[in-house]
Amino acid sequence: MKKVTTASLLAMKQNGEKITVITAYDASFAKLFDEQGIDAILIGDSLGMVLQGQDDTLPVSVDDIVYHTKSVRKGTQRAFVIADMPFMSYASAEQTYHNAGKLMAAGASMVKMEGGSWLADTIRGLNERGVPVCGHLGLTPQSVHVFGGFKVQGRSELQAEKMLEEALQLEQAGMQLLVLECVPTALAQKISRALSIPVIGIGAGADTDGQVLVMHDMLGISANYMPKFSKNYLAQCGDIRSAVTQYIKEVREGHFPDVEHSFN
Ligand code: KIV
């Protein structure tokens, strides 16, 4: 069994193989997803909503992510482990290095942060210090109050151009993976083709290099609501192991997401 690395994720993009990602927050689910062949596991700050029952991700702390990253790392043998940097934990360079160091020490192999070109220097600095970075553009939930709600991003020509430009700038700065959330399918396809690094979509259509889902959404057990772009694989398959296997299969074969689970 070969561990997934930044190099193998890049090779998957180059070979046209879809990358499968799911969130997990504990060792048991991480082990189950890992055994079924998921490529990467994200300890997302979505845990604020699906584990803690908060209205958004803003109350999540670095210590919360550290705790769950340690648990996920214990359950994971093969999959690549990515940990989210919570709201305001990367507002200054000093803070960023300190907090990213805590997440890497807890067992992450990459940290994820939300935002555009203002993160370029941060990404460069983290790379120089040995920390790979996953970016996150589109609907970045930590900015929900700036957006005025959880809304699809990049629908206007101006917004779309800016997102593409920022993605290219972040790649240039050293970003090694990008999550695109809730953007029109055509824009996600354009960004995925323009970048050399893998682009992972969530509510971004089927033309990205891979997909990520929040595990509670994929199982239809989220405390708050079911996003339009997610699919209840537990209802379809009847047990959790079969549900994740089906999700992996549909992503690899390009059958998920279909138009019903995407945006124009
Ligand atoms: O926090 C999270 O789980 C995420 C995914 C939705 C990509 O950022």
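What is the handedness of the crossing of α2 and α4? The crossing of these two helices is right-handed. The model described here is predicted.

## Helices α2 and α4

Helix α2 covers residues 27–35. It packs with α4 at an angle of about 40°, and the two axes are 7 Å apart. An angle of this value makes α2 and α4 oblique to each other.

On the α2 side, the residues that take part are A27, A30, K31 and D34. They meet S71, V72, K74 and G75 in α4. Sorted by class, the contact of α2 with α4 holds 3 nonpolar, 2 polar and 3 charged residues.

## Helices α4 and α5

Helix α4 spans residues 62–75, and helix α5 spans residues 93–106. Their axes lie 8 Å apart, with an angle of about 20° between the helices. Because of that angle, α4 is roughly parallel to α5. The crossing of α4 and α5 is right-handed.

From α4, the contact draws on V62, D63, I65, V66, T69, K70 and R73. Their partners in α5 are N99, K102, L103 and A106. By class, the contact of α4 with α5 contains 5 nonpolar, 2 polar and 4 charged residues.

Helix α4 therefore appears in two of the pairs described here: its residues S71, V72, K74 and G75 meet α2, while residues including V66, T69, K70 and R73 meet α5.

## Helices α2 and α12

Helix α2 also packs with helix α12, which is made up of residues 240–252. The angle in this pair is about 50°, and the axes are 9 Å apart. The helices α2 and α12 are therefore oblique to each other. Their crossing is right-handed.

Four residues of α2, namely F29, L32, F33 and E35, meet I240, R241 and V244 in α12. The class count for the contact of α2 with α12 is 5 nonpolar, no polar and 2 charged residues.

## Surroundings of the ligand

How many residues surround the ligand? There are 13 of them, and the closest are G44, D45, S46, D84 and K112.

Three of these closest residues can be described through their side chains. For D45, a polar side-chain atom lies 3.0 Å from an oxygen atom of the ligand. For S46, an N or O atom in the side chain is 2.6 Å from an oxygen atom of the ligand. For K112, a polar side-chain atom lies 2.9 Å from an oxygen atom of the ligand.

## Backbone details

Where in the chain is M88 placed? M88 sits in the loop between β3 (80–84) and α5. Its phi is near 65°, which is a positive value in a residue other than glycine.

A second backbone detail concerns P257, which is placed in the segment after α12. The peptide bond that runs from F256 to P257 is cis, and its omega is near 0°.

Definitions and conventions. Residues numbered from 1 in each chain as written. Predicted model: local features only at pLDDT ≥ 70, side-chain atom pairs only at ≥ 80, totals over all residues. Heavy atoms only, no water. Axes fitted to C-alpha atoms, helices over the stretch in contact; angles between N-to-C directions. Parallel < 35°, antiparallel > 145°, perpendicular 65-115°, else oblique. Left-handed = near helix turned anticlockwise from the far one by under 90°. Contact = heavy atoms within 4.5 Å. Nonpolar A, V, L, I, M, F, W, Y, C, P; charged D, E, K, R; others polar. Near = heavy atom within 4 Å. Polar contact = N/O pair within 3.5 Å; in protein donor to acceptor, adjacent residues only side chain to side chain.
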